[in-house]
Amino acid sequence: MHLTRRLFSLAAAGAMSLAAFGGAGVGAAMAETDIKFTLDWKFEGPAAGFLLAIDNGHFAAEGLNVTIDTGAGSRESIPRVATGAYQMGFGDINALIKFLDEDPAQKVKAVMMIYDKPPFAVIGRKAQGIAEDPKSLEGKKLGAPPPDAAFGQWPAFVQVAGIDTSKIVIENVGFPVREPMLAQGAVDAIFGFSFSSVLNLKAQGIPADDIVTILMADHGLDLYGNAIMVNEDFAAANPDAVKGFVKALAKGFADAVADPEAGVAAVMKRNEILTKEIEVERLGMANSMNIRTPYVVENGFGGVDEAKLAKSIDLLKVSMGLKGAVTAAEVFDASYLPPKEERMLP
């Protein structure tokens, strides 16, 4: 079985200390709620919070038997949850807004924000004429995986950043060849998540001082990133399980912020081909840029600013051609989150 496609389960969690269940006894331990969860991507450094919630017993303490599968992109996890193939998942809230705008009857909603600041970026090389100014992309060839969430924001980004696209060539590329093509000079820049593509380029032998990251959020695109989603039928039938999941996950992410090396160790148990130093750096980038933001430090992890979310929907009318059929309240439900004091990151 491919290492990054394994399922990791807490099926043996019933053997853990019954104190986690308030000493309720074997019967209570056997009554765990099963949750199948899909990530957006592979088991890499930024997935540490999810895996520490398993390994450190936080899900078990909430009476949950959680299995985690890898994903194929932060858009692709949305229909997995909407159809009920997975009860919960991790995906791009902007793509979720588009999904619900097209069909408000879909049974999926976000319940916890993970990337308070999205890692959407265009990553290029100085050697190929790319600078921190987004206008340096004019006249260049950009590699874009069609399912990539960063590429999904390109129409809005060019508007807010004032980019002339008339001489820009967009080439469809697959995820596996995205960074190699940039490293080889076949494209001048690529779309991707900052903490993924930058470190993948380093692994391709590109010097750090030759890599340029144009973070869309730093150039006018004030959006949210990836969030925890739940199938609404599952949530209606199991509200306490959803509350327990996000409570446990807040603890897992706090653990990953407090001890990134332990977080990476949890990841590498599931994906042994990774390089520890690269994944520690990748997790550190995600923690500092996307997860533990100033807003989160002040207001706690997992929530959203309703005004910002409403404004982002307006921006998505440009990037995704929204019809305007969905509101912020229909996209994000904060009622499952624990109190602020239980969601503070170290």
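Two strands are taken to pair when DSSP finds at least two bridges between them, and the legends below use the word in that sense. The model shown here is predicted.

**View 1. An open sheet of five strands in the order β2-β1-β3-β10-β4.** The pairing in this sheet is mixed. At its edges are β2 (64-69) and β4 (108-113), each of which pairs on one side only. On average, neighbouring strands here are turned by 30° against each other, direction ignored. Helix α11 (residues 239-258) packs on the sheet and touches β1, β2, β3, β4 and β10; the direction of α11 makes about 35° with that of β4. Helix α2 (residues 48-55) lies across β1, β2, β3 and β10, and runs at about 145° to β2.

**View 2. Strand β3 and its partners β1 and β10.** Start with β3 (residues 88-92): five of its five residues are buried, so this strand is largely enclosed by the rest of the structure. Strand β1 (residues 33-38) runs parallel to β3, and two bridges join them. Look for Phe37, whose bridge partner in β3 is Met88. With strand β10 (residues 226-231), β3 runs antiparallel, and five bridges join the two. Here Phe90 has Ile228 of β10 as its bridge partner.

**View 3. Edge strand β4 beside β10.** Strand β4 is mostly covered, with six of its six residues buried. β4 pairs with β10 in the antiparallel sense over five bridges. A handy landmark is Lys109, which stands opposite Val230 in β10.

**View 4. The second open sheet, with strand order β7-β6-β8-β5-β9.** This sheet has five strands and mixed pairing. Its edge strands are β7 (169-172) and β9 (211-215), and each pairs on one side only. Neighbouring strands are turned by 30° against each other on average, direction ignored. Towards the β9 edge, β5 (residues 120-125) and β8 (residues 189-193) pair in the antiparallel sense over five bridges. Within that pair, Val122 stands opposite Phe191 of β8. Helix α9 (residues 194-203) lies across β5, β8 and β9, running at about 125° to β8.

**View 5. Helix α2 packed against helix α12.** The axes of α2 and α12 (residues 260-268) are 8 Å apart, and the helices pack at an angle of about 85°. That angle makes α2 roughly perpendicular to α12. From α2, the contact uses Ala48, Leu51, Leu52 and Asp55; from α12, it uses Ala262, Gly263, Val264, Ala266 and Val267. Asp55 has a second role in this view: its side chain meets that of Arg270 in a salt bridge (2.8 Å, N to O). Arg270 lies in the loop between α12 and α13 (276-291) and Asp55 in helix α2, so the pair ties together parts that are 215 residues apart in sequence. Arg270 is buried, with a relative accessible area of 4%, whereas Asp55 counts as partly exposed at 31% relative accessibility.

**View 6. Helices α7 and α15.** Helix α7 (residues 154-161) packs with helix α15 (residues 306-319) at an angle of about 105°, and their axes are 7 Å apart. The two are therefore roughly perpendicular to each other. Pro155, Ala156, Gln159 and Val160 in α7 meet Leu315, Val318 and Ser319 in α15.

**View 7. Two further salt bridges, Lys117 with Asp218 and Arg178 with Asp148.** The side chains of Lys117 and Asp218 meet at 2.8 Å, N to O. This pair links distant parts of the chain, 101 residues apart: Lys117 is in the loop between β4 and β5, and Asp218 in the loop between β9 and β10. Lys117 is partly exposed at 26% relative accessibility, and Asp218 is partly exposed at 48%. In the other salt bridge, Arg178 meets Asp148 at 3.2 Å, N to O. Arg178 lies in helix α8 (residues 175-184) and Asp148 in the loop between β6 (141-144) and α6 (149-152), so this pair ties together parts 30 residues apart in sequence. Both Arg178 and Asp148 are buried.

**View 8. Arg343, a buried arginine that has no salt bridge.** Arg343 is found in the segment after α16 (328-331). The nearest side chain of opposite charge, Glu341, is 7.4 Å away. Leaving aside neighbours within four places in sequence, the contacts of Arg343 are Ala250, Asn299, Gly300, Phe301, Gly302, Gly303, Leu337 and Pro338.

Notes
Residues numbered from 1 in each chain as written. Predicted model: local features only at pLDDT ≥ 70, side-chain atom pairs only at ≥ 80, totals over all residues. Heavy atoms only, no water. Helix = DSSP H or I, 4+ residues; strand = E, 2+ residues; numbered from the N terminus. Buried < 20%, exposed > 50% of the residue type's maximum accessible area, 1.4 Å probe, protein only. Lys, Arg positive; Asp, Glu negative; His and termini not counted. Salt bridge = Lys/Arg side-chain N within 4 Å of Asp/Glu carboxyl O. Contact = heavy atoms within 4.5 Å. Axes fitted to C-alpha atoms, helices over the stretch in contact; angles between N-to-C directions. Parallel < 35°, antiparallel > 145°, perpendicular 65-115°, else oblique.
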